[in-house]
Amino acid sequence: MRLLLRGARVVDPASGVDGARDILVEGGRIADVGVSIAPGEAAATAVVELGPSLVVCPGLVDMHVHLREPGHEHKETVITGAAAAVAGGFTAVACMPNTSPVNDSASVTRFILKQAAEANLARVYPIGAVSKGSEGKELAEMADMRLAGCVAFSDDGRPVATALLMRRALEYAGMLGVPVIDHCEDRTLVGEGVMHEGLHASQLGLRGIPSAAEEVAVHRDIVLAGLTGGHAHIAHLSAAGSLGAVRAAKARGIRVTCEVTPHHFTLTDERLLAPLMYDTNLKMNPPLREASDRDALLEGIRDGTVDAIVTDHAPHHADDKSVEFDRAAFGIVGLETAVSLGLDRLVHSGLIGLGRFVELYSAGPARLLGVAGGRLGVGDPADITILAPDLPVTVSAAAFRSKSRNTPFDAWTLRGGVAATIVGGKPLYVNPDVVQVGGLGRA
Amino acid sequence: MSDTATRLRGKDLLGIAGLTAEEITLILDTAEAMKEVSARPIKKVPALRGKTVINLFYEPSTRTRTSFEVAEKRLSADTLSIAIASSSVVKGETLIDTALNLEAMNPDIVVMRHASSGACHLLARTCQAGIVNAGDGMHEHPTQALLDAFTIRERKGRLKGLKVAITGDLLHSRVFRSNAYLLTTMGAEVWACGPPTLMPAGIARLGVRPTTRVEEAVEGADAVMMLRIQLERMQGGFFPSLREYFQVFGMTPARVRLAKPDAIIMHPGPMNRGVEIESEVADGPASVILDQVANGVAVRMAVLYLLAGGSDDETAA
């Protein structure tokens with residue numbers, strides 16, 4: 001079966017393409033990209049006329065999600081997480097190892113990949129633990145996990161505990177050609193903090209997490225990346241000072257990269273005061289920071305300092321959120337809102353063009369992880385996301401594919417959404433609100 | 001909004017931050033009438049007859065809980081108190097479940113103290129009953145600030161233009177936050193003094209004048225208010241020792257002499273004599289610490305009356 005997508009704007013910065021193109025998919029791969037492709041034997045080709053209002057781009061890649069399986073299946077499973085991914089326009093996700101047990105061995109890695117194969121939805125790339133049990137003491141069997149399919153290493157949820165462990169992890173992961181992803185925080189400065197330290201934490205009487213807690217750790221990792229030549233990737237960067245440090249380090253040629261979440265480029269800590277005071281769906285780590293931090297992140301997104309947008313999709317059961325603020329779990333879901341937030345807040349605001357959007361949501365993270373995708377070249381896997389950049393979208397948490405509903409964006413109206421998600425040539429998500437992709441449902 | 005408020009806008013009193021100057025004045029004026037009730041031989045009015053008030057205390061409290069109970073009884077409310085040890089909290093029930101169970105009994109007012117900031121807001125979103133915050137974590141303690149303001153106004157005749165010094169653990173204090181909001185809203189000048197390790201981030205943007213020099217805070221003050229220093233703060237490394245704290249920040253007679261000659265000395269209690277305040281100051285002629293306790297009943301009667309009594313009822317006094 002062949003699939004021909006016609007007449008859309010194709011945005012594929014990795015191939016230097018931005019314009020009206022037709023794309024032919026055959027055998028799960030891109031067979032041709034051209035200004036005008038004839039369907040050929042009509043009976044054997046499904047032709048979908050997308051038209052110029054839709055954008056075809058390489059499948060989006062979220063390099064930072066929590067799928068909770070094994071161990072916390074009441075929050076999310078690999079299957080529900082992968083379903084949320086395709087509904088959100090992501091053809092691939094990389095899942096963090098803080099499951100129970102921790103993904104610190106090839107057997108857990110293989111279990112996750114088996115669940116992903118059964119789901120047969122978005123591609124799932126496990127990220128292995130840096131240390132055994134993510135306890136920050138001994139290195140986990142990184143080479144064995146790499147062979148089993150891990151694409152990076154991280155103790156996410158916790159920082160890589162000591163400078164010595166980070167040094168060794170960078171050296172060892174360097175041998176394997178993969179990055180160490182660090183959740184940067186100095187735990188002594190975090191203390192029992194539950195939100196950003198500043199005026200609003202003082203007003204709310206909540207314990208603060210200073211930006212310095214992140215910045216101290218980012219500076220440490222930059223120094224160690226310089227020492228070892230390893231690749232340090234800063235997870236969910238939130239503070240202006242951290243961003244400045246990464247920008248300066250990159251200018252010096254140090255192998256450091258970073259990612260930013262949609263909630264950090266959209267919201268600030270002031271939101272905790274109104275409209276809903278103490279909303280636990282605004283509790284995450286790192287916390288929402290100040291407007292000056294948010295503006296710095298936006299500038300980093302624009303100028304290239306930021307390498308990837310990630311969701312840090314962190315599903316939690318309502319029971320873990322319907323409690324006092326300081327007792328509530330950290331984290332929010334993000335897979336099904338990330339595209340709309342990015343299109344609305346980054347593209348329609350005029351900050352960046354669609355080319356840079358695709359770089360941040362697809363090509364950048366695919367390159368960082370060294371996985372297929374991020375490009376629509378002939379012979380590449382047909383992982384394709386079709387965007388409807390002008391579609392009005394009203395977020396409905398109740399309709400999420402994810403098992404969890406912990407989002408602060410419920411009922412938000414945003415401009416731009418996902419029209420369809422194609423993985424390996426198969427349309428796995430087709431948005432019923434976009435008529436042009438109706439034909440995909442029958443493909 | 002007119003210059004004179006006749007009722008509170010919300011069903012709850014969660015903090016001072018949401019109140020206007022007119023609402024604060026209304027509560028203080030109402031408390032004056034309530035104070036007169038406490039001076040009668042029969043200290044009871046029927047204002048809340050038939051109303052049910054539940055006191056839900058998740059943190060130990062003697063002073064505040066007793067004060068609320070006395071206030072409720074003097075207003076003829078049916079009242080009961082639930083303390084943490086006798087509640088189902090120890091069985092692990094969530095706050096929302098507790099709230100829903102209480103709600104099923106249809107109380108008119110729930111007075112709550114809780115160790116988590118914002119716990120009262122969670123309760124207020126769950127319950128139809130009016131919620132009175134009797135202290136939530138490090139956030140607010142609105143009735144304490146109201147009784148402090150009542151006490152100052154009683155002695156000074158006004159709040160506007162006064163200099164009030166607040167010294168102590170500003171970071172962890174809900175009393176500080178409520179007082180800062182209330183006194184600045186009413187036009188007082190508030191000086192906040194303590195070690196820099198115990199000052200909240202962005203403190204100047206709360207409208208107060210921060211200083212680490214206690215002499216500067218106290219100089220020319222009309223009222224000097226100490227906050228309790230808790231021993232565990234010292235163990236948390238916020239300052240080196242209680243001895244040094246007293247040396248640098250303790251309220252001594254010499255420091256009090258820097259204030260106005262008629263300045264009043266205040267403390268929300270319980271006091272640590274010899275830590276934040278010297279006994280000679282606490283027990284001296286300028287001390288209004290026990291007036292604060294007495295006024296607490298009147299202010300809480302006023303709050304309960306305004307929230308549950310309604311403006312249609314006959315006034316209590």
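On a 1 Å grid over the protein atoms alone, a cavity is a set of points where a 1.4 Å probe fits but cannot get out, while a pocket is an open set with protein on both sides within 12 Å along at least five of seven lines; lining residues have an atom within 4 Å of a point. Grid points are joined across faces, edges and corners, and a volume is the space filled by probe spheres set on the points.

The model you are looking at is predicted, so local features need pLDDT of at least 70 and side-chain atom pairs count only at pLDDT 80 or more, while totals for chains, interfaces and linings use all residues. Residues are numbered from 1 along each chain as its sequence is written, chains are lettered from A and ligands numbered from 1 in the order in which they are written, and side-chain values use heavy atoms, with hydrogens and water left out.

Let us begin with the closed spaces. There are 4 cavities of 30 Å³ or more. The largest cavity holds about 90 Å³, and its lining includes Arg63(B), Gln144(B), His267(B) and Arg300(B). Elements that give two or more residues to this lining are α2, α5 (142–156) and α12 (289–309) of chain B, with α12(B) giving the most, 5 residues. Helices here are DSSP runs of H or I with at least four residues, strands are runs of E with at least two, and both are numbered from the N terminus. The lining of the largest cavity divides into 4 nonpolar, 6 polar and 2 charged residues. In this count Ala, Val, Leu, Ile, Met, Phe, Trp, Tyr, Cys and Pro are nonpolar, Asp, Glu, Lys and Arg are charged, and the others, Gly among them, are polar.

The second largest cavity, of about 50 Å³, takes us to chain A. Among the residues lining it are His183(A), Glu185(A), His236(A) and Arg289(A). By class, its lining has 6 nonpolar, 3 polar and 3 charged residues.

Now for the open space. The largest pocket offers about 660 Å³. Of its 26 lining residues, Glu59(B), Arg113(B), Arg174(B), Arg228(B) and Gln230(B) are the closest to its centre. The lining of this pocket comprises 7 nonpolar, 10 polar and 9 charged residues.

Helix α2 (residues 63–74) of chain B also belongs to a right-handed β-α-β unit with β1(B) and β2(B); right-handed means that, with the strands pointing away from the viewer, the path from the first strand over the helix to the second runs clockwise. In β1(B) (residues 52–57), 5 of the 6 residues are buried, that is, under 20% relative accessible area with a 1.4 Å probe and protein chains only. This strand pairs in parallel with β2(B) (residues 78–83) over 6 bridges and with β3(B) (residues 109–114) over 5, where pairing takes at least two DSSP bridges. Follow Asn55(B) across the sheet: its bridge partner in β2(B) is Ser81(B), and in β3(B) it is Val111(B).

Finally, two loop residues of chain A deserve a look. Pro179(A) sits between α4 (163–176) and β10 (180–182) and is buried, at 2% relative accessible area. Its contacts (heavy atoms within 4.5 Å), not counting residues up to four places away in sequence, include Phe153(A), His231(A) and Leu368(A). Thr337(A), in the loop between α11 (318–321) and α12 (338–347), is buried with a relative accessible area of 2%. Beyond its neighbours within four places in sequence, Thr337(A) touches Val395(A), Phe400(A), Thr407(A) and Phe409(A).

Definitions and conventions: Buried < 20%, exposed > 50% of the residue type's maximum accessible area, 1.4 Å probe, protein only.
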